[in-house]
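Subject: Structure for you to look through

Dear colleague,

Here is the structure I promised to hand over, and I would be glad if you could open it before reading on. My notes on what was found in it follow below.

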Amino acid sequence: MRMSTSMSARTAAAVGLSVAALGLGTAAPATAAPAYTTATATATATAGYVAKSAESDASRAFFEAVVKSVAEKRAANPRAAAVTVVYDASGAPTFSAQISRSTQIWNSSVSNVQLQQGSNADFTYREGNDPRGSYASTDGHGNGYIFLDYAQNQEYDSTRVTAHETGHVLGLPDHYEGPCSELMSGGGPGPSCTNPNPDANERSRVEQLWANGFAAAMDKALHKVAAAR
């Protein structure tokens, strides 16, 4: 089954995503490790391991960027039972163990979408010092990345931080007022919370978003674009 003309048009519509980022917190920059600098990590990022007003839109933009990347690569096989989202972790070697563990957690938690490390990635991981903390971002051109801040990952459980940010890849927004049992509550419950696993509602939401393969996920992502306008 080929991608329809209307589907291609909707895919093209997703290209114009504005710069957006959603964050996991602010922390004093670490001094032991070299800083990672990037032009796309701008001051417009929505930061904080606490709720910020624009984070629902930022989360949506990041999800849309990832889905667009997947859609462009999988147009020839839209009926696949499960969608594979490919990532590149080479930019975050310090957190290789946490990224691997986060991937295992999500792949064992849901079945309609799976994460896989590889080339031609749909999103990347990066590391460095940033006073905004860790966040997921898109540069507005369909390129998504997760930034892992050194200092914050020392203050908070690093696997939870990584799994939380990866949750944005799969379409979940922040819910900082939630309990520690909710992965997307992020730093809301405080540094003592070390739970790296999504709860039943979060798992169900991801399954719904990616049900019936990439075509359905693309439709849902672009529906969000329309709803936000």
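How far apart should the ends of α5 be at 1.5 Å a residue, and how far apart are its end C-alpha atoms? The twelve residues of α5 should span 16 Å, and the end C-alpha atoms are 17 Å apart, which agrees. Please keep in mind while you read that this is a predicted model.

Let me step back to the whole chain before returning to that helix. The protein has seven helices and six strands, and from the N terminus on they follow the order α-β-α-β-α-β-β-β-β-α-α-α-α. Of its 229 residues, 55% count as buried. If you take the contacts with a separation of 6 or more, 71% of them are between residues 24 or more positions apart.

Helix α5 is mostly covered, since twelve of its twelve residues are buried; among them are R160, H164, E165 and H168, which you may like to pick out on your screen. Just after α5 comes G171, which takes a positive phi of about 110°.

The next part to look at is a pair of strands with a helix between them. Strand β2 (residues 83-91) and strand β3 (residues 113-117) run parallel and are joined by five bridges, with V83 standing opposite V113 in β3. To get from β2 to β3 the chain passes through helix α3 (residues 96-109), and this β-α-β crossover is right-handed. As you look along the strands, it may help to remember that in a regular strand the side chains alternate between the two faces of the sheet.

Helix α3 itself has 14 residues and reaches 20 Å from its first C-alpha to its last, close to the 20 Å expected at 1.5 Å a residue. Which residues of α3 are buried? They are Q98, I99, S102, T103, I105 and W106, and because they cover an arc of only 165° around the axis, they lie on the same side of α3. An α-helix has 3.6 residues a turn, so residues three or four places apart point the same way. On the other side of α3, A97 and S108 are exposed. The cover over the buried residues of α3 includes β2, β3, β4 (123-128), β6 (144-149), α5 and α6.

One residue of that buried set is worth following further. I105 has its place in helix α3, and it counts as buried because its relative accessibility is 2%, where buried means under 20%. Leaving aside its neighbours within four places in sequence, I105 is in contact with T159, P196, N197 and P198. The C-alpha atoms of I105 and N197 are separated by 6.6 Å, although the two residues are 92 residues apart along the chain.

Now turn to the loop between α5 and α6, where the structure's one disulfide is found. Which two residues form it? C180 and C193 do, with their sulfur atoms 2.0 Å apart, and with 90° about the S-S bond the link is right-handed. Both C180 and C193 lie in the loop between α5 (158-169) and α6 (200-209), so the pair ties together parts that are 13 residues apart in sequence. A disulfide is a covalent bond between the sulfur atoms of two cysteines. As for their surroundings, C180 is partly exposed, with a relative accessible area of 28%, whereas C193 counts as buried at 4% relative accessibility.

P173 is found in the loop between α5 and α6 as well, and it is partly exposed, with a relative accessible area of 40%. From P173 to M184 is eleven residues in sequence and 6.9 Å in space, C-alpha to C-alpha.

Last, please look at the loop between β3 and β4, where N120 lies. Is N120 buried or exposed? N120 is exposed, with a relative accessible area of 58%. The phi of N120 is near 50°, a positive value in a residue other than glycine. For background, most residues other than glycine have a negative phi, and most peptide bonds are trans.

With best wishes,
A colleague

Terms used: Residues numbered from 1 in each chain as written. Predicted model: local features only at pLDDT ≥ 70, side-chain atom pairs only at ≥ 80, totals over all residues. Heavy atoms only, no water. Disulfide = S-S within 2.5 Å. Helix = DSSP H or I, 4+ residues; strand = E, 2+ residues; numbered from the N terminus. Buried < 20%, exposed > 50% of the residue type's maximum accessible area, 1.4 Å probe, protein only. Pairing = 2+ DSSP bridges. Right-handed = clockwise from strand over helix to strand, strands pointing away. Expected span 1.5 Å × (residues − 1). Arc of directions from axis to C-beta. Contact = heavy atoms within 4.5 Å.
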